[in-house]
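Work through the following exercises with the sequence and the model open. Each task is followed by a solution in steps.

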Amino acid sequence: MKTARWWVSQNNPDRNLASGALGTQDLDPLIQRWRPTGLIWIGLTLLAFALVSPASASLFVALEGDARGTYSESGGADAEVASVGGSLRKVFADRYGDRLILYVQAESAADFSEAWLHQAYAEWKGPMGLWNVAAGRVPLPWGLRTAWSPDRLPYSSPYEWTRTPESDNGVLLRGTADMWDYGLALTQGYGMKGTRDFPGPGNLTGRLGITPGVEGDFTFGLSFATGTAYTHGDGHGMGEAMEEERTAAALDCTWNAGRGTYRFEGGARRDEERWHGTLFGAADYALLPKLTLQAAGQLYEHAASHIFGRVYGGVSIPLPWFTIRGGYEYERAEREKEEHADHRFVVQLYRLLSIVR
Amino acid sequence: MTRLFPDAKDYRTVTVPIPADVLARIEKRAGAALLPGQREQYQYFEMLDKDGKVIGHVQAMTQKGEFGAIEFVFGTDLQHRINGLYIQRQRERDRGFREESFLTKFHGVTLSDADSLRDPAGDAGSIGTRAVTLGVRKALIEFDELVLKKPAQPKAAAASEAGATPK
């Protein structure tokens, strides 16, 4: 049953495409730098192709669009096509079952001024999903991101301030065994852009999760990461280049309670000889069949006297051709006893299409 | 999947295109339109033993509930008899369709019952129980039409008019 849940989570149409990095302006140097990792990945893919029969294959396609209008006290009014993206997932089977999965996810963001390649990997699937090995640009098994993404939601991502990379070039081992699921990724540490040398400084990320019960109403996970993370542009609004040696740990849980879904992630990361705490929580509650209340909040400590916080409240209304979301977000930053506040209103039109071929 | 087929060693994803004429036949037999996103392709899973031999099938279905999608899976043995059904994701107010006493009512239902399948909860049913029942009916008919390629039997239509309820 857990395997079925894993499958559903991989194919879940509600699972938003994540945001990531690979600026158009950086494509040429990246292609130059990409070669060593790229050759290994292409080699693994060809090897995998050679070992399975292409006769039995299924293709899953997801396309999505996200347009937003915002007004903030600090930035004024703005409207943009926040994202147009999609993913392709091709599953090849041999006579013993599904064996090879090829997956690509990309988007054009910020009024088509940016192009991001989120994931591009080949995954060899073990029996009943007990173990799966992926190579290429793989998702990092971290916290809530394992089965959820905040990037297509109207509130700010908790991973922006913590500069937690979404994916990286390397190898990922993941799987499910009964109520347990696990993931362990050994990656270059460059995040989604700026591949400079092979093999790179290195980053190890892992998560152990548990989902008791058949319906998966409650999931709980422990994540850890250690190594170097290049957070330069690793996701929208991640800020300036930063090479950071860090050790991080987090605890996450998701509770599906009837009409409500509640998410929590709390953790700490250590860089420059100091631990920083992070907290994030989000709630969705279906008040009416066509009206869902959404709330989120986060707190981030950057240094002893640098504390940042955000609180969001809004609604989500599914209409026949798209979902409209809107709300208000309050942001407060405290830097060495100096306080800054900002107010932001956002309206979002969102559309997701899923196709099986 | 493991719970439905503890002896399975792996599974294979199978995707079948739905021709327009077969779609019309499926919807007529089911008494309802297939949902957007389910009208072009039909997908199921073959459960395999250690030699790659099929020991049963699993179908993952999504139906509309009052507060969003209700996702569930069920297994059928080689005689196409339901051997288990589990709700995977839902956000309904009503909890009756999640109870074991309701879900086990589908155990033993076969393809030949598909056209006449009625909500086991009867008059006490809810949007949830009706959604699960309709989802099972659609899936069984799709398997029949698209995998077994068995044409609709007049007898099944007659049974449908009379109505039948799973045990």
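**Exercise 1. A helix of chain B**

Determine which residues of helix α1 (residues 20–30) of chain B are buried, and how they are arranged around the helix.

Solution. The model is predicted, and the burial of each residue is read from it. Step one is to list the buried positions of α1(B): B:L23, B:I26, B:R29 and B:A30. Step two is to look down the axis of α1(B), where the buried residues fall within an arc of 135 degrees, so they line one face of the helix. The general rule for such a pattern is that an α-helix has 3.6 residues a turn, so residues three or four places apart point the same way. Step three turns to the face directed away from the buried side of α1(B), which carries the exposed residues B:A20, B:D21 and B:A24. Step four asks what covers the buried residues of α1(B); the cover includes α3 of chain B. Finally, B:G31, just after α1(B), takes a positive phi of about 75 degrees.

**Exercise 2. The sheet of chain B**

Give the strand order of the open five-stranded sheet in chain B, find its edges, and place helix α3(B) relative to it.

Solution. The order is β1-β2-β3-β4-β5 in chain B, and the pairing is antiparallel. The edge strands are β1 (10–17) and β5 (82–89) of chain B, since each of them pairs on one side only. From one strand to the next, the twist averages 25 degrees. For one pair in detail, take β2 (residues 41–48) and β3 (residues 54–64) of chain B: four bridges join these antiparallel strands. Within this pair, B:M47 stands opposite B:G56 of β3(B). Helix α3 (residues 127–148) of chain B lies across β1, β2, β3 and β4 (69–76) of chain B. Its direction makes an angle of about 135 degrees with β3(B).

**Exercise 3. A covered strand and its partners in chain A**

Describe the burial of strand β6 (residues 167–177) of chain A and identify the strands joined to it.

Solution. Begin with burial: eight of the 11 residues of β6(A) are buried, so the strand is mostly covered. Next, take the pairing with β5 (residues 132–139) of chain A, which is antiparallel and has eight bridges. In that pairing, A:P139 has A:S167 of β6(A) as its bridge partner. Then take β7 (residues 180–187) of chain A, which is joined to β6(A) by eight bridges and also runs antiparallel to β6(A). Here A:T176 has A:D181 of β7(A) as its bridge partner. Last, examine the connection: β6(A) and β7(A) form a hairpin with two residues between them, and A:D178 in the turn has a positive phi of about 55 degrees.

**Exercise 4. Two residues of chain A**

Classify A:A62 and A:F322 as buried, partly exposed or exposed, and locate each of them.

Solution. A:A62 is in strand β1 of chain A. Because A:A62 has 20 C-beta neighbours inside 10 Å, this residue counts as buried; the cut-off is 20 or more. Its C-alpha atom is separated by 6.3 Å from that of A:I355, a residue 293 positions away along the chain.

A:F322 is in the loop between β14 (306–318) and β15 (323–335) of chain A. With 16 C-beta neighbours inside 10 Å, A:F322 counts as partly exposed. Leaving aside residues up to four places away in sequence, A:F322 touches A:L349, A:Y350 and A:R351. The C-alpha atoms of A:F322 and A:E114, 208 residues apart along the chain, are separated by 23 Å.

**Exercise 5. The interface and confidence in it**

State which elements of chain A touch chain B, and check the confidence of the stretch at the start of chain A.

Solution. In the contact between the chains, 26 residues of chain A meet 26 residues of chain B. On the side of chain A, α1 (2–11), β1 (56–72), β2 (76–94), β3 (97–109) and β16 (338–356) each supply at least two residues. The largest share, five residues, comes from α1(A). By class, this side of chain A has 12 nonpolar, seven polar and seven charged residues. Now check confidence: the mean pLDDT of chain A is 82, and 80% of its residues reach 70 or more. Over residues 1–39 of chain A, however, the pLDDT is below 50, although this stretch has 90 contacts in the model beyond near neighbours in sequence.

Notes. Residues numbered from 1 in each chain as written. Chains lettered and ligands numbered in written order. Predicted model: local features only at pLDDT ≥ 70, side-chain atom pairs only at ≥ 80, totals over all residues. Contact = placed C-beta atoms within 7 Å. Nonpolar A, V, L, I, M, F, W, Y, C, P; charged D, E, K, R; others polar. Pairing = 2+ DSSP bridges. Axes fitted to C-alpha atoms, helices over the stretch in contact; angles between N-to-C directions. Buried ≥ 20, exposed ≤ 12 C-beta atoms within 10 Å, placed from the backbone. pLDDT = per-residue confidence, 0-100. Arc of directions from axis to C-beta.
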